[in-house]
Amino acid sequence: MSAVDGFRLMAGYNRWINEKLYALCATLSDEERKRDRRAFFRSIHGTLNHLLLGDRAWLGRFTGHPVSFRGLDQEIYADFDELRRERAKTDGAIEEFCRDLTEEQLTADITYATQAGKQYTHPLAPALTHLFNHETHHRGQLTTLLTQLGVDPGGTDVILYYREAK
């Protein structure tokens, strides 16, 4: 599998697992989703917002259309249904970006500024790897929060997506 194919796999997995987890989160009341559970981004809703914000920030850096935001814990959508719709749109944009990706783009430098204003230049591949790793990290927190509520997320591994997609 080429690096490009690997990123395409991860983009499809990202959409698949987000759809699965959002469907589970939809079974909870808004109050349950927004209850402070002492997680890094406080609640299920906060974690979902952070993931969407982070993905949009990175995708904006990749495409040359930076996204501004106040902080990593910013609530960009208070309404769960709107958050879910926007998540699906962003997952589609990530898939489209990866579908059009070339090996040359992966090795080409990107330059971007962090929220704190620090500028970095490096190849696209490590930043794209970070995007998918960051998602996995926080979705792990999300599945823990769901499990604590008695909601079984089932298998969340990328290999399960791969087997299903084939």
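**Helix packing and salt bridges**

Visitor: Does α3 pass α4 in a left-handed or a right-handed crossing?
Guide: The model is a predicted one. In it, α3 spans residues 44–63 and α4 spans residues 80–99. The crossing in which α3 passes α4 is left-handed.

Visitor: Is α3 roughly parallel or roughly antiparallel to α4?
Guide: The axes of α3 and α4 lie 10 Å apart, and the two helices pack at an angle of about 30 degrees. That angle makes the relation of α3 to α4 roughly parallel.

Visitor: How many nonpolar residues are in the contact of α3 with α4?
Guide: On the α3 side the contact includes L48, L51, L52, L59 and F62, and on the α4 side it includes F80, L83, A93, I94 and F97. Four polar and four charged residues also take part, and the nonpolar residues number ten.

Visitor: How far apart are the closest N and O atoms of R56 and E86?
Guide: R56 of α3 and E86 of α4 are both among the residues that meet between these helices. Their side chains form a salt bridge, with the closest N and O atoms separated by 2.6 Å. The pair links distant parts of the chain, R56 in helix α3 and E86 in helix α4, with a separation in sequence of 30 residues. To repeat the distance asked for, the N and O atoms are apart by 2.6 Å.

Visitor: Is E86 buried or exposed?
Guide: The cut-off for buried is under 20% relative accessible area. R56 has 21% and therefore counts as partly exposed. E86 has 14%, so E86 is buried.

Visitor: Which residues do salt bridges that share partners join into one network?
Guide: The structure holds 13 salt bridges. Some share partners, and these join into one network the residues E31, E32, R35 and R37.

Visitor: Which residue, three residues apart from D30 in helix α2, also lies there?
Guide: Helix α2 covers residues 30–34, and three residues is about one turn of the helix. The side chain of D30 meets this residue in a salt bridge of 3.2 Å, N to O. With 6% relative accessibility the residue counts as buried, whereas D30 at 34% is partly exposed. The residue is R33.

Visitor: What is the relative accessible area of K34?
Guide: K34 lies in helix α2 four residues from D30, about one turn of the helix. The side chains of D30 and K34 meet in a salt bridge at 3.3 Å, N to O. K34 is partly exposed, because its relative accessible area is 33%.

Visitor: Are α4 and α6 roughly parallel or roughly antiparallel to each other?
Guide: Helix α6 takes in residues 124–148, and its axis is 13 Å from that of α4. The packing angle of the two is about 150 degrees. Angles over 145 count as antiparallel, so α4 and α6 are roughly antiparallel.

Visitor: How many charged residues are in the contact of α4 with α6?
Guide: R87, I94, F97 and C98 in α4 meet a set in α6 that includes L124, F132 and E135. The contact has seven nonpolar residues and no polar ones, and its charged residues number two.

Visitor: Which residues of α7 does α1 meet?
Guide: The axes of α1 (residues 3–25) and α7 (residues 158–165) come within 10 Å and cross at roughly 100 degrees. The two helices are therefore roughly perpendicular. L9, M10, G12, Y13, R15 and W16 in α1 meet, in α7, V158, L160, Y161, Y162 and E164.

Conventions. Residues numbered from 1 in each chain as written. Predicted model: local features only at pLDDT ≥ 70, side-chain atom pairs only at ≥ 80, totals over all residues. Heavy atoms only, no water. Axes fitted to C-alpha atoms, helices over the stretch in contact; angles between N-to-C directions. Parallel < 35°, antiparallel > 145°, perpendicular 65-115°, else oblique. Left-handed = near helix turned anticlockwise from the far one by under 90°. Contact = heavy atoms within 4.5 Å. Nonpolar A, V, L, I, M, F, W, Y, C, P; charged D, E, K, R; others polar. Salt bridge = Lys/Arg side-chain N within 4 Å of Asp/Glu carboxyl O. Buried < 20%, exposed > 50% of the residue type's maximum accessible area, 1.4 Å probe, protein only.
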